[in-house]
Amino acid sequence: MTDTIAALASGRPPAALAIIRISGPAAFAVVQQLAGRVPPPRRLSLCRLHHDGQLLDEALVAVFPGPASASGEDLAELHLHGGPAVVAGVLDAVTAQPGVRLAEPGEYTRRAFASGRMDLTQVEGLADLVSAETASQRDQALALAGGALGRLADQWRDRCLNVLAEAEAGLDFAEDEADVAERLDEAARDQLADMADELAALIADSARAMRIRDGLTIAVTGPPNVGKSSLVNALAMRDVAIVTAIPGTTRDAIEVPIDLNGVAAVLIDTAGLRDTDDPVEAIGIARARARAASADLVISVASAEAPQWTGDGALRLLNKCDLAAPDVPPDVLAVSATTGAGLPALRDWLSHWAHNLIRPGEPALLSHARHRAAFADAESALGDAAMASEPVLRAEALRAAAHAFGRIAGRVGVDDVLDRIFSRFCVGK
Amino acid sequence: MQTHDVIIVGAGHAGCEAAAAAARRGARVALVTLRADDPGTLSCNPAVGGIGKGHLVTEIDALGGIMGRVADAARLQSRLLNRSKGPAVHGPRAQVDRALYRAAMAEVLAELPTLAIITAAVEGLLVERGRVAGVETSVGRLSAPAVVLTTGTFLGGVMHIGSQREAGGRVGAQASDLGAALRAMGLPVSRLKTGTPARLDGRSIDWSVLEWQYGDGDDPRFSRFGICSAAGNGRPPIPCAITRTNAETHRIIRDHLGESALYGGHIDSVGPRYCPSIEDKVVRFGDRDGHQIFLEPEGYDDITIYPNGLSTSLPLHVQEKFIRSIKGLEQVVILRPGYAIEYDHVDPRALTPGLGARAVPGLFLAGQINGTTGYEEAAAQGLVAGANAAALALNLPALTIDRTQAYIGVMIDDLTLHGVAEPYRMFTSRAEYRLRLRADNADQRLTPLGQALGLVPPAQADAFAAAQAERDAARALLDTLTATPHQLASHGIEVRQDGQSRSLFDWLRFPAVTHAAARRVWPELASISDDLLASLAVDANYAAYIARQEAEVAALRRDEALALPADLDFAQVAGLSKEMIERLSRARPLTLGAASRVAGITPAALIALLPHTSRNKPTLAA
Ligand SMILES: Cc1cc2nc3c(=O)[nH]c(=O)nc-3n(C[C@H](O)[C@H](O)[C@H](O)COP(=O)(O)OP(=O)(O)OC[C@H]3O[C@@H](n4cnc5c(N)ncnc54)[C@H](O)[C@@H]3O)c2cc1C
């Protein structure tokens, strides 16, 4: 028998409100026990909650019968006053009911997945949503959690299955109805070529999606003593105290997250990239070096006291403008990490650059390496299908492509290829 | 009261194959059937094999079954379908002579010393202490610890011609009410339908205006080593003819749709979509200007013509009218009208992968009674059920075949997990490991398994061993011979000059390296026959694809090795939703792999099942 689970779904009390969610076969029995009735579904109703003859709270209660609930099971929500004693009292009362226990972390989501309410991409989206820090990350995670990628993958799978149905009809039924065989070949080749082109564009765009999710990387480079670290800290508006690297936290010291007007980015302070004997630190540094080398943007910093730029950063900065005032070339931004002069202009420049690259309004769905890999597998399978030397190998490749798309949403089970064939062809003698 | 090890009820395609398999394993078999001439009767079209179906016949043959050799002995002509589509989907098919087929079947069955054929009607099943104990027949009781039911369309059979209806399993045969007995035992029974076309008098057809279809020159056979002592025919192949329906035909059918048993509301059970009646074709694909009709002779010395593609349940006068609107058939005489038949079948989800009924130990079901259609599908199940009935009676190892091994495995897995919504027919698209499961390698896939279970006759086993040795030697030679692109070029073979030296086996994949060219370069290939070289070239061509599938196959085998208890109460499994519990309870998968193939099962449900699995193989004989 499935346990019924309960947990505090809102933040830690005290707060104005606290929400307890109960999911599972006993959810409504719990409500009946505590509230004395089960209110009408999908509506907030005012109920007095009692346990052992004791009034616990006056709460708004909503019940959602499965399978059309968020978890796919019978689900109840108790909206309480958010005091610690209220919450503790109600949770105790709820878990005292037979068959009810506290939920483990992530258990609601797991149940929603188990009951088929959510596919794999939606689970990933939910996880992303909880950790989203910028507006564009939030939008992306919302689209994912809302099933946008699952739908996209399903559409692609559907297209593959349609071409596959034609191919399979040619294999299983060509002898029955002569027209099946001819219709198939040119149509299939054209379709495959179109599909491969579209897919290539989608995959190319996945770099953008991954940048939204993981953040853009900006490497701050330059000779020693030009003020790279102070610049990074000033941009991130963060406490200078953290700059002192504690062994093992090097990465935090070197990679500093910033929010560029809704777009997530990471500043890499190459001043922190020094040689070290500490093996743990060394790993962090090697990783940051690699990221700096493949950064989306390299900023070259020089000091106003010696305006010489090394490297070929796409953006050149002249720091310490409070100390000297040399001529500033037109493509160089003059700033002072100490006084803050020029920083607003630098921020503007960076947000402008980030928005150009990310295009936050446009959905970008392939945000996980897993998604990209599956789409890439499908693309190569479609390539094989177009090149296949015999019809049965083409069908084989199309099956592989359809499965790759099925993997994205975690679909298992039977493809309805035969149904598609029967709806389209007059087959059979 | 007689004592047997195994009783087979019904000598159709499933029954004959079941009887032979059980007898080969040493069981004393009683094959009880309504009429003495039942064995080898083709109730529908005079042909065996085809796409997907041909695979089944070669697999039956590889397991020591009889259908392939009987069909070979009775053929009028044979063809390899899908020749241009790739070896994996080649489908051998033979037009057969009805009389010769029956004669050959009788001869093959007569060779089995422990088999007795009894002409009688089985009227009931004997069950003692919950187990099968024998059958009640019109000539008395027969007892045996294992009974295989292969009664085809005879359970509750009702035939329809227009609004006329008549009880019967097929024309000229009585229907049986064993269906009630099965229902009483708790087996889920429901109804399906199928149909057959009118039979025509060949002397009244104007052959001169029709196009002929001949067999293949190389006359493909089903049975590689099967030595059929039956006379064979030794007579020249005879062709079929092709004609088409036309707008007038369709108009007549449309005008009389209301009189069709199907469309007049007399039948509401489900028929096969891939074997539609001509009414179906006209209703669903009315925009077509015509449908192909194959005129197939039923025998050398038989005037009967089977018009393949004209299955119907319209009244006789309408059948006459629309058939005569077809080119070449203007003066045709109908010998027997076409009809539709409704019949009972058992939901095959009530069966184990060994085709035993879970609810009644000792009872096995095979053939059309399980919701399939077609001789080949029936025979393949018969072989499995017969082998397992003998296993149960004689305490021998059971025969189970999985999806990676054979089309037979695909079919039984589909049936026992998904049940049937319409009569089930084999298609190559049902097999996910299609590149491995070819007609040309059926013996390599299955003969060793059949041998281990005592299903393969000694002469076939010896012939297989010799062929296998020859194949291994040939393969070894292909692996030893190597060449660089440069060397090939010096023999005039144009391949990309990538400097890569390859074995001849690898080179066979390249279109430029034809077999003739290879023989020119390497005279030692003279020791390899053309057929063998072609077969090895298929291996070479598919090798890369098959290697890629190996991981999938391994994953499937891994999941198949995780057994779920046969009596697992899915309602008690923590974390399963109501819907998952329902789906799983109906299909009753015996392994985690089988559970994953139940329609609509989510990955998370599989995770929930994981704690209930064990590494033990499930026992399959019911
Ligand atoms: C009208 C008709 C149309 C068909 N059309 C097609 C088609 O278009 N395409 C296709 O692929 N397949 C078709 N088939 C199906 C094909 O003929 C069958 O699937 C196949 O023959 C089934 O084999 P079987 O062994 O299960 O049963 P059958 O070959 O039907 O054999 C059943 C046997 O059981 C015996 N029997 C029945 N009841 C009893 C009893 N109580 N006691 C003793 N013996 C009994 C009968 O005498 C018979 O010999 C058609 C069948 C029919 C009847």
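**Exercise 1. A hairpin in chain B**

Find the residue that stands opposite B:Gly124 in E9(B), and describe the hairpin around this pair.

Solution. Step 1: in this predicted model, B:Gly124 has B:Glu136 opposite in E9(B). Step 2: strand E8 covers residues 122-128 of chain B and strand E9 covers residues 131-137. The two strands run antiparallel and are joined by six bridges. Step 3: the hairpin of E8(B) and E9(B) leaves two residues between the strands. B:Arg129 in this hairpin has a positive phi, near 45°.

**Exercise 2. A hairpin in chain A**

State in which sense E3(A) and E4(A) pair, and over how many bridges.

Solution. Step 1: E3(A) and E4(A) are paired in the antiparallel sense, over seven bridges. Step 2: one position to look at is A:Cys47, whose bridge partner in E4(A) is A:Ala59. Step 3: two residues lie between the strands of this hairpin, and A:Asp52 has a positive phi near 50°.

**Exercise 3. The sheet of chain A**

Give the order of the six strands in the open sheet of chain A, then explain why one side of E3 and of E6 is left without a neighbour in the sheet.

Solution. Step 1: the order is E3-E4-E5-E2-E1-E6, and the pairing is mixed. Step 2: strands E3 (45-51) and E6 (100-102) of chain A are at the edges. Each has a single partner strand, so one of its sides has no neighbour in the sheet. Step 3: from one strand to the next the twist averages 30°. Step 4: at the E6 edge, strand E1 (residues 4-8) of chain A pairs with E6(A) in the parallel sense, over three bridges. A:Ile5 is placed opposite A:Arg101 in E6(A).

**Exercise 4. Helices across the sheet**

Work out which strands of chain A helix H2 lies across, and which helix H3 lies across.

Solution. Step 1: helix H2 (residues 84-95) of chain A lies across E1, E2 (17-23), E3, E4 (54-64), E5 (75-81) and E6 of chain A. H2 runs at about 155° to E5(A). Step 2: helix H3 (residues 107-114) of chain A lies across E1, E2, E5 and E6 of chain A. H3 runs at about 140° to E1(A).

**Exercise 5. Buried faces of two helices**

List the buried residues of helix H1 and helix H5 of chain A, and say how they are placed around each helix axis.

Solution. Step 1: in helix H1 (residues 27-35) of chain A, the buried residues are A:Ala27, A:Phe28, A:Val30, A:Val31, A:Leu34 and A:Ala35. Seen down the axis of H1(A), these buried residues fall within an arc of 155°, so they line one face of the helix. Step 2: just after H1(A), A:Gly36 has a positive phi of about 80°. Step 3: in helix H5 (residues 135-145) of chain A, A:Ser136, A:Gln137, A:Gln140, A:Ala141, A:Leu144 and A:Ala145 are buried. The buried residues of H5(A) fall within an arc of 165° when seen down the axis, so they too line one face of their helix. Step 4: A:Gly147 follows H5(A), and its phi is positive, near 95°.

**Exercise 6. Around the ligand**

Name the residues that come nearest to the ligand, and give polar distances to its atoms.

Solution. Step 1: there are 37 residues around the ligand, of which B:Ala14, B:Asp38, B:Ser43, B:Gln368 and B:Gly374 come nearest. Step 2: an oxygen atom of the ligand lies 2.7 Å from a polar side-chain atom of B:Asp38. Step 3: a nitrogen atom of the ligand is 3.1 Å from a polar side-chain atom of B:Thr373. A nitrogen atom of the ligand lies 3.2 Å from a polar backbone atom of B:Gly195.

**Exercise 7. Two residues of chain B**

Decide whether B:Thr372 is buried or exposed, do likewise for B:Asp414, and list contacts of each.

Solution. Step 1: B:Thr372 is in the loop between strand E22 (363-365) and helix H9 (375-394) of chain B. Its relative accessible area is 0%; buried means under 20%, so B:Thr372 is buried. Step 2: beyond neighbours within four places in sequence, B:Thr372 has contacts with B:Tyr343, B:Gly367, B:Glu377, B:Gln381, B:Leu415 and B:Tyr424. A polar atom of the B:Thr372 side chain lies 3.2 Å from the backbone oxygen of B:Gly367. The side chains of B:Thr372 and B:Gln381 make a polar contact (3.1 Å). Step 3: B:Asp414 is part of helix H10 (residues 407-418) of chain B. With a relative accessible area of 9%, B:Asp414 is buried. Step 4: leaving aside neighbours within four places in sequence, B:Asp414 is in contact with B:Arg403, B:Gly419, B:Tyr424 and B:Arg430.

Technical notes. Residues numbered from 1 in each chain as written. Chains lettered and ligands numbered in written order. Predicted model: local features only at pLDDT ≥ 70, side-chain atom pairs only at ≥ 80, totals over all residues. Heavy atoms only, no water. Buried < 20%, exposed > 50% of the residue type's maximum accessible area, 1.4 Å probe, protein only. Helix = DSSP H or I, 4+ residues; strand = E, 2+ residues; numbered from the N terminus. Arc of directions from axis to C-beta. Pairing = 2+ DSSP bridges. Axes fitted to C-alpha atoms, helices over the stretch in contact; angles between N-to-C directions. Contact = heavy atoms within 4.5 Å. Near = heavy atom within 4 Å. Polar contact = N/O pair within 3.5 Å; in protein donor to acceptor, adjacent residues only side chain to side chain.
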